[in-house]
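Colleague: Could you choose one part of this model, look at it closely, and then place it in its wider setting? I would rather have one connected account than a list.

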Amino acid sequence: MGALEAVILTIITASTPLLLAAIGELVTERSGVLNLGVEGMMIMGAVCGFATAYTSGSAMLGVAAGLLAGVVMSMLFAFLTQTLMTSQVATGLSLTLLGLGLSGLIGEAFTGLPGVKLTVLDIPFLSDIPFIGPILFGHDILVYASLAIPLGVAYVLFRTRLGLIITAVGGNHHSAHALGYNVIRVRYGCIAFGGACSGLAGAYLSLAYTPQWIENMSSGRGWIALALVVFSTWLPKRLMIGAYLFGTVWIMGLYVQALGVAIPAQLLSSLPYLVTIVALIIISGNKTLTKVNTPACIGQPFAPER
Amino acid sequence: MMIVLEKRSEQSKAMTFLSPVLAIGLTVVIGGFIFTGLGLDPFKALYIYFIEPMTSIWSVEELIVKAAPLILIGAGLAVCYTANVWNIGAEGQLTIGALFGAAIPVYFTAWQSPLVLVLMLVLGAVGGALFGAIPALLKNRFGANEILTSLMLVYVAQLLLDWLVRGPWRDPQGFNFPQSVPFEGWQLLPLLGEGRVHIGAILAVVAVIILWIMMGRSLRGFEIRVIGRSPRAGAFAGFGQKRVVWFCFMLSGALAGLAGICEVAGPSGQLQPTISPGYGFTAIIVAFLGRLNPIGVLFAGILLAISYLGGEAAQVELGISDKTAQVFQGMLLFFILACDTLIHYRIKFAPGAGAAKEA
């Protein structure tokens, strides 16, 4: 395997969890809901995915469990914010705190155990082409899903009736309600989708990225995914580009270290976080870019007038 | 059956106080079920968890040691959240405060004078405030979301600490352990009595009283509350939202930094790669459980400190993971938020789905 090929492959693996989590949150935010619990849903997806795969021996069952864990967590959030109309910021934070605690408790029995790695989908002939084969056709199902989901989301958001409804609910929930759409139900759906994607992102971490359980193994990726959504200005295709940029930064530290450059390892490890801050500054400073697509109702609870 | 919320004509005063009690009750009940699920006697486990920490002098002292930083940080965060300023990076401000303060014993190892202690505490607060000022600057100048920037900075601060204790600040006589020189004499906080309780506990109480007076009796407190409720109304009154963002971040940062230096100059007595067991994050729960009121934070801090101690006791006596503490804390915040709905709404059960649709 050539050096370039190895670099590209690691960039893909580093970008995939960010992309998966961020595309789910993008849909949630498009419907006008800010779920700060991405980190918590992700880490629960990781631990449930690992535990299920380890116990059953099937990585695919693990993926399903990760997805389910994300959805269950997101439904807790949905019940509080949509039905009980609690503050979305505070509830999202509590979801993250709960997820980190619960995953530590569940995962304790699985620490240090050998994981089950998600197998690469082998496509006859195509996967065997040198260079292009491994890069384009040598991945597990979640990598393909991480690319297909944003394209699907872009299609649904901009080309279908459902997409219009979601955008309307996020843009002006009172008007959407007056038109006869069930705002709460649409938001429940979008929150569940966000949870499912975060769960998959977590499962990718513990089944493909590093096939084992390490406490707090999401290490802030959920928060970076949230920043990515802002960075993408709520556009799925821009989100894909952003996720790969961030994934590249995430992996860059490792390569610079391997080259033996005399930079403290901790400085390199802090790069993704610093770059996220810089990205937020750049994009937030540009008012025209952000204002156009920002869902106007984001973070506001909806109480139907009666 | 469908749950339907009916808005109260005015906030329920009773529920403001009952909601945390209800939330604690729910957490204990669910906790009992979790213990049963783990194959333990739930009553014995809950006793060890919540009551035993308060039954001996030793554990009460330990309780105060753990409650002090939670109260210091939580009181600052309560002010922030009242203003709708979301500082969730207190853990990072705590770390930087500890580093600023610890610079004195690290660079002037032999210096002994009461001034050293004062300087360390002041530097701790200054460090925390400066680090808290970063998200405030980014929000005010560029409109960058303070939740994300303050949280990202936690990771940066922890990596900086890690680099210092493994690199330039490592104790040359420390057998290569990642730790700074041990602090001595005036570089340590004076103890209250024989045990481990240090003057950080007094600082926490003083901070609570000052913030309580500020929030209830001063123009600044009024400004913070108005901006938090309605920035537009605040603007008409001539209150600047940006100024409130600066103030809240630097105040809560300073208190978190103070908690940080108290941690390293108190219980630890030196810098280590980990300073706090997540006090900066737990303090978020403290702020909410304390009704965003400094006096409430005092009680909430003690309660959350019990959960830390209970976690340790449960680990020793029941052989279960100390992670249960974190689960309890997370559940508690969840239940508080859910119960707070009762302050503004009455819950009604509608008989069928049809009635709910109408609503």
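Modeller:
**One glycine and its setting**

Leaving aside residues up to four places away in sequence, A:Gly92 touches A:Leu34, A:Asn35, A:Leu36, A:Gly37 and A:Phe77, where a contact is a pair of residues whose C-beta atoms, placed from the backbone, lie within 7 Å. This is a predicted model, in which local features need pLDDT of at least 70 and side-chain atom pairs count only at pLDDT 80 or more, while totals for chains, interfaces and linings use all residues. Residues are numbered from 1 along each chain as its sequence is written, and chains are lettered from A and ligands numbered from 1 in the order in which they are written.

A:Gly92 sits in helix 4 of chain A; helices (H or I, at least four residues) and strands (E, at least two) are DSSP runs numbered from the N terminus. Because 26 other C-beta atoms lie within 10 Å, A:Gly92 is buried, the cut-offs being 20 or more for buried, 12 or fewer for exposed, and partly exposed in between. A:Ala303 is 211 residues away along the chain, and its C-alpha atom is separated from that of A:Gly92 by 19 Å.

The helix that holds A:Gly92 also takes part in the contact between the two chains, to which chain A brings 39 residues and chain B brings 39 residues. On the side of chain A that touches chain B, at least two residues come from each of helix 3 (59-83), helix 4 (88-107), helix 10 (221-231), helix 12 (265-269) and helix 13 (271-285) of chain A. Helix 4 of chain A gives the most to that side, with twelve residues. Sorted by class, the side of chain A that touches chain B is made of 23 nonpolar, 14 polar and two charged residues; Ala, Val, Leu, Ile, Met, Phe, Trp, Tyr, Cys and Pro count here as nonpolar, Asp, Glu, Lys and Arg as charged, and the others, Gly among them, as polar.

Helix 10 of chain A, which also supplies residues to that side, has loops worth reading alongside it. In the loop between helix 9 (183-209) and helix 10 of chain A lies A:Asn216, which has a positive phi of about 55° although it is not a glycine. With 13 C-beta neighbours inside 10 Å, A:Asn216 counts as partly exposed. The loop between helix 10 and helix 11 (236-258) of chain A holds A:Trp234, and here too a residue that is not a glycine has a positive phi, of about 60°. A:Trp234, however, counts as buried, because it has 22 C-beta neighbours inside 10 Å.

As a whole, chain A has 14 helices and zero strands, and 51% of its 306 residues count as buried. Its radius of gyration is 19 Å, which agrees with the value near 19 Å that a compact globule of 306 residues would have; the radius is taken over C-alpha atoms, and the globule rule is 2.2 Å times the number of residues to the power 0.38. The C-alpha trace of chain A spans about 65 × 45 × 45 Å along its principal axes. Of the contacts in chain A with a separation of 6 or more, 79% are between residues 24 or more positions apart.

The partner, chain B, contains 14 helices and two strands. Its radius of gyration of 22 Å is close to the 21 Å given by the globule rule for 359 residues, so chain B is as compact as a globular protein of that length. Of the 359 residues of chain B, 52% count as buried, and the C-alpha atoms fill a box of roughly 75 × 60 × 35 Å along the principal axes.

Within chain B, helix 3 is mostly covered, with 21 of its 26 residues buried. Helix 3 of chain B has a kink of about 30° at B:Ala67, shortly before the proline B:Pro69, the bend being the angle between axes fitted to the seven residues ending at a residue and the seven starting there. Just after helix 3 of chain B comes B:Asn84, with a positive phi of about 60°. Helix 3 (57-82) is also among the elements of chain B that cover the buried residues of helix 8, which include helix 7 (200-217), helix 9 (231-236) and helix 10 (241-268) as well.
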